[in-house]
Amino acid sequence: MKETDREAVATAVQRVAGMLQRPDQLDKVEQYRRREARKKASVEARLKAAIQSQLDGVRTGLSQLHNALNDVKDIQRSLADVSKDWRQGINTIESLKDVKDAVVRHSQLAAAVENLKNIFSVPEIVRETQDLIEQGALLQAHRKLMDLECSRDGLMYEQYRMDSGNTRDMSLIHSYFGSTQGLSDELAKQLWMVLQRSLVTVRRDPTLLVSVVRIIEREEKIDRRILDRKKQTSFVPPGRPKNWKENMFKILDKTVITRIEGTQADTRESDKMWLVRHLEIIRKYVLDDLIVAKNLMVQCFPPHYEIFKNLLSMYHQALTIRMQELASEDLEANEIVSLLTWVLNTYTSTEMMGNVELAPEVDVGTLEPLLSPNVVSELLDTYMSTLTSNIIAWLRKALETDKKDWIKETEPEADQDGYYQTTLPAIVFQMFEQNLQVAAQISEDLKTKVLVLCLQQMNSFLSRYKDEAQLYKEEHLRNRQHPHCYVQYMIAIINNCQTFKESIVSLKRKYLKNEVEDGMSLGQPSMDGILDAIAKEGCSSLLEEVFLDLEQHLNELMTRKWLLGSNAVDIICVTVEDYFNDFAKIKKPYKKRMTAEAHRRVVVEYLRAVMQKRISFRSPEERKEGAERMVREAEQLRFLFRKLASGFGEDADGYCDTIIAVAEVIKLTDPSLLYLEVSTLVSKYPDIRDDHIGALLALRGDASRDMKQTFTFCLTCGWGTSSSHKLHPMPDIQCDSWCREQGCLTDRRSGGGF
């Protein structure tokens, strides 16, 4: 207490010191004293109230403890009295055993009396129940069946309670009510028949379906009550539990499976489209059934049955089994496509499970796949293998059909622009299109694989096409009268190459995404190369045909007959123009090359005639006449090929300029300028050989052997020297070194060589 007092005094001193820090605060001392007095009085009052409250609580607790002690003493005395009475009543309980047995017998007799009417009327009730079942009055029949079962079960239960080991009496009761189980089974058959036709019944007579569900629900309640009693008494009546609800779902499941399997009306032998028809019937039946179940059947079943959810699961499982069965069969390629398209696309589309009439109860995102990824992969592998074989066979057949057209007596058809063509490209790419469209229905990945396959097989096919075109040409060369329309069909083959190119590009653009195309090589350069080779070979074949007809007239050039006035070049021009009238049916890229090649070859053949020394001019007049004739014919050829090349935008006049340049050498009248003229020719055409110069000199007919041997030409720079003419810019001895300094190769020969 002293310590507490000291702390209180110290605290008070601090508070007073805090209040009186300034002189002006001394005037408020009395005010501070009154305020502190009020606070002290308030604290003392609260302390007194708290102490009083604690005292009242202690007083109440002591009173309750005293009362509890008295109650315990009373209970102790009561327990002693009960124990005394129990000991005294043991003998009395044993003396009441006879009374207990009498009560049991009374209970059994009471049950017998209660069911006496039913017991005597069992045969009649059985007949009535049978009649009601046959009449379809299922609810009434079930009510009477329940009465029979209740009487039987009550008697058997009482017998079980009295003497559970007395099987004789139990068998007697069971035998007497033996028809009850038969009626139950017969009623169950009727219920299952209604359930099997539930999708039809719910539309025609929904009350019948409701009656069936009510009967099943009654039996479920009875089953639950009996199972609960079994836990207490271990007694279970015969035929229980019936589990009709469980059996109901089994029946519905079997009905669904049977309905799915029964939709196959045809076989492959009777109808090639059997699978498409089968799958379409399944789609229609399943969609109709689920719509009926969603809109009508759910109204006939209790909500906890979840009838639509269960039916959806049954249909999905039945479809899974059926699709697996179909997948395990030896399906053809088109059947695999039909199956996968249906499984992967149609099943979850708005045409079936995604139909708006099934939403929101059916969520296609939660449905398990009908076929496992492994099965789908196996089917795709089989499809690709079969498709590969089919494409090879189709391409081979298409080529054989096209080959038959090549030997026809009629010209091939022309397209809208007038170009000859055969049906081969259309047939091939129509086949590719069909397969790609089918593959696109399944998946983008399969579409890409099919496109790659088509292009790969196209590559191989074009190699065969090239070989067949070559054989076609060789066969014609053995007998140029056959086939009759060789030129026209060779033109069609050439045009087909361009059509193939365009179709390949179109196919890739239509069915291949850019990012996929960038990531794979589809052999386009290889195919373009083969097609160009086929077209080039075809153009060469046609030109060879032309020059076979021109051969006789080309042989007349630069002969004495030609000099005297032959019309060989006129015939050549007419023949070429006539052929190119047919070649107008060739598409532009190839016609352009072909025209240029024909121009080149005609000029080459003309120059070859010059170099073959068929004639030697005897006088300056003949040289002049021959040279002028060459110039006229060169201009005639130039005019012809300008006409043929009109629209191509190219100028190939240089070919005819070569003839004119040679004519200038022949036309030269001053032999002293011959070296200069020849040197100019060599400089302009560096590929001229020494035998060409010799042939030109021989054609002129005025060059002696000594003159020919004095010619020396630098094959690099084209300059020539002789003993009398210093035409080379450097002394003769320095020619090699001068040309070498110019960075060219030097090959000096005597005798006028280039």
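Buried residues make up 41% of the 754 residues in this protein, which is shown as a predicted model.

**Exercise 1.** State how many helices and strands the protein has, and what share of its contacts is long in sequence separation.

*Solution.* The secondary structure comes to 29 helices and three strands. Among contacts with a separation of 6 or more, 74% are between residues 24 or more positions apart. The exposed surface is about 42,100 Å², and carbon and sulfur atoms supply 52% of that area.

**Exercise 2.** Determine how helices α25 and α26 are oriented to each other, and describe their contact.

*Solution.* Two packed helices are described by the angle between their axes and the distance between the axes.

Step 1. The axes of α25 (residues 654-667) and α26 (residues 674-684) come within 9 Å and cross at roughly 165 degrees.

Step 2. Angles over 145 degrees count as roughly antiparallel; α25 and α26 are therefore roughly antiparallel to each other.

Step 3. The crossing of α25 and α26 is left-handed.

Step 4. From α25, Ala 661, Glu 664 and Val 665 meet Leu 674, Glu 677, Val 678 and Leu 681 of α26. By class, the residues of this contact are five nonpolar, no polar and two charged.

**Exercise 3.** Place Gln 636 in the structure: is Gln 636 buried, partly exposed or exposed?

*Solution.* Step 1. Gln 636 lies in helix α24 (residues 620-644).

Step 2. Its relative accessible area is 27%. Partly exposed covers values between under 20% (buried) and over 50% (exposed), so Gln 636 is partly exposed.

Step 3. Beyond its neighbours within four places in sequence, Gln 636 is in contact with Val 569, Asp 570 and Cys 573. Gln 636 and Asp 570 are 66 residues apart in sequence, with a C-alpha to C-alpha distance of 8.4 Å.

Methods:
Residues are numbered from 1 along each chain as its sequence is written. This is a predicted model: local features need pLDDT of at least 70, side-chain atom pairs count only at pLDDT 80 or more; totals for chains, interfaces and linings use all residues. Side-chain values use heavy atoms; hydrogens and water are left out. Helices (H or I, at least four residues) and strands (E, at least two) are DSSP runs, numbered from the N terminus. Buried means under 20% relative accessible area, exposed over 50%, partly exposed in between (1.4 Å probe, protein chains only). Contact means heavy atoms within 4.5 Å. Accessible areas come from the Shrake-Rupley method with a 1.4 Å probe; for residues, only the protein chains shown count as cover. Axes are lines fitted to C-alpha atoms, for helices over the stretch in contact, and angles run from 0 to 180 degrees between N-to-C directions. Angles under 35 degrees count as roughly parallel, over 145 as roughly antiparallel, 65 to 115 as roughly perpendicular and the rest as oblique. A crossing is left-handed if the near helix is turned anticlockwise from the far one by less than a right angle, and right-handed if clockwise. Ala, Val, Leu, Ile, Met, Phe, Trp, Tyr, Cys and Pro count as nonpolar, Asp, Glu, Lys and Arg as charged, and the others, Gly among them, as polar.
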